[in-house]
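Work through the two exercises below with the sequence and the model open beside you, and try each task before reading its solution.

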Amino acid sequence: NVAKSYFKQLMELNEMVKRMVLESLGLNNYIDEFLNSNVFMSRFTNYKVIKGENENEAALPSHTDSTYLTIIKQNQNGLQVLYKNGEWIELNHTSPNSYIVLSADVFMAWTNGRLTSAQHKVVTKGDKDRISIQLFSIPNPDYTLKAPKELVDEEHPLMFKPFMLPEFLKYIMLGAKDGSGVKNYCGL
Ligand SMILES: O=C(O)CCC(=O)C(=O)O
Ligand SMILES: [Fe+2]
């Protein structure tokens, strides 16, 4: 089963990136718990060629994801991320072996803001449909997202109240998609 072995590799990539992040934050003790709190969702998206007056509009408007990480594979350019300097950067990763890994709202909350949530959008150009495959890693519905105490101190006060994903998703569906959602929902 091709899809199965493909996603298995993406799940391994997801795990590898999370291990690297937690190790770099000195959170080795949390790795097992953290990786076990995780479930996956995947999606294929086909962006049709847009012609005419809407040509330069975003095919998918600017947002952040309500996940830990999102791994994206694209067959042609289109994905752009917002850099800290306010510039939108096109991600040029279409070779068969390259994947884009975006950190998202839930990972930002769990790391008490050590990671930020990547603001991104899709702007398609060219004459052929854009296809992207996304693997979303999200916490188990009953897992309480709470920053490890090691990441909370005077210099880094707790940024978010503990929360669970389903309640946050309900909240997000009603409003902000620009990364302010998690701050508005449970920011301190
Ligand atoms: O199609 C893409 O490259 C990105 C899709 C995306 O950002 C999303 O589904 O949240
Ligand atoms: Fe996204």
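**Exercise 1: the surroundings of ligand 1**

In this predicted model, a polar side-chain atom of R43 lies 2.5 Å from an oxygen atom of ligand 1; find further contacts of this kind and describe the shell around ligand 1.

Step 1. A polar contact is a pair of N or O atoms within 3.5 Å, where, within protein, one must be able to donate a hydrogen and the other to accept it, and residues adjacent in sequence count only if both atoms are side-chain atoms. Y47 places a polar side-chain atom 2.6 Å from an oxygen atom of ligand 1, and for R130 the distance from a side-chain N or O atom to an oxygen atom of ligand 1 is 2.7 Å.

Step 2. β8 (130–139) is among the elements that give two or more residues to this shell, and β8 gives the most, with four residues. Strands are DSSP runs (E, at least two residues), numbered from the N terminus.

**Exercise 2: the iron ion**

Which protein donors does the iron ion (ligand 2) have, and how are they spaced in sequence?

Step 1. Donors are N, O and S atoms within 2.8 Å of the metal (3.2 Å for Na, K and Ca); water is not among the atoms, so sites may look incomplete. The protein donors are H63 (NE2), D65 (OD) and H120 (NE2), lying 2.0 to 2.2 Å from the iron ion.

Step 2. The spacing of the donor residues reads H-x1-D-x54-H. Because D65 lies in the loop between β2 and β3 (69–74) while H120 lies in strand β7, the pair ties together parts that are 55 residues apart in sequence.

**Conventions**

Residues are numbered from 1 along each chain as its sequence is written, while chains are lettered from A and ligands numbered from 1 in the order in which they are written. Local features need pLDDT of at least 70, side-chain atom pairs count only at pLDDT 80 or more, and totals for chains, interfaces and linings use all residues, while side-chain values use heavy atoms, with hydrogens and water left out.
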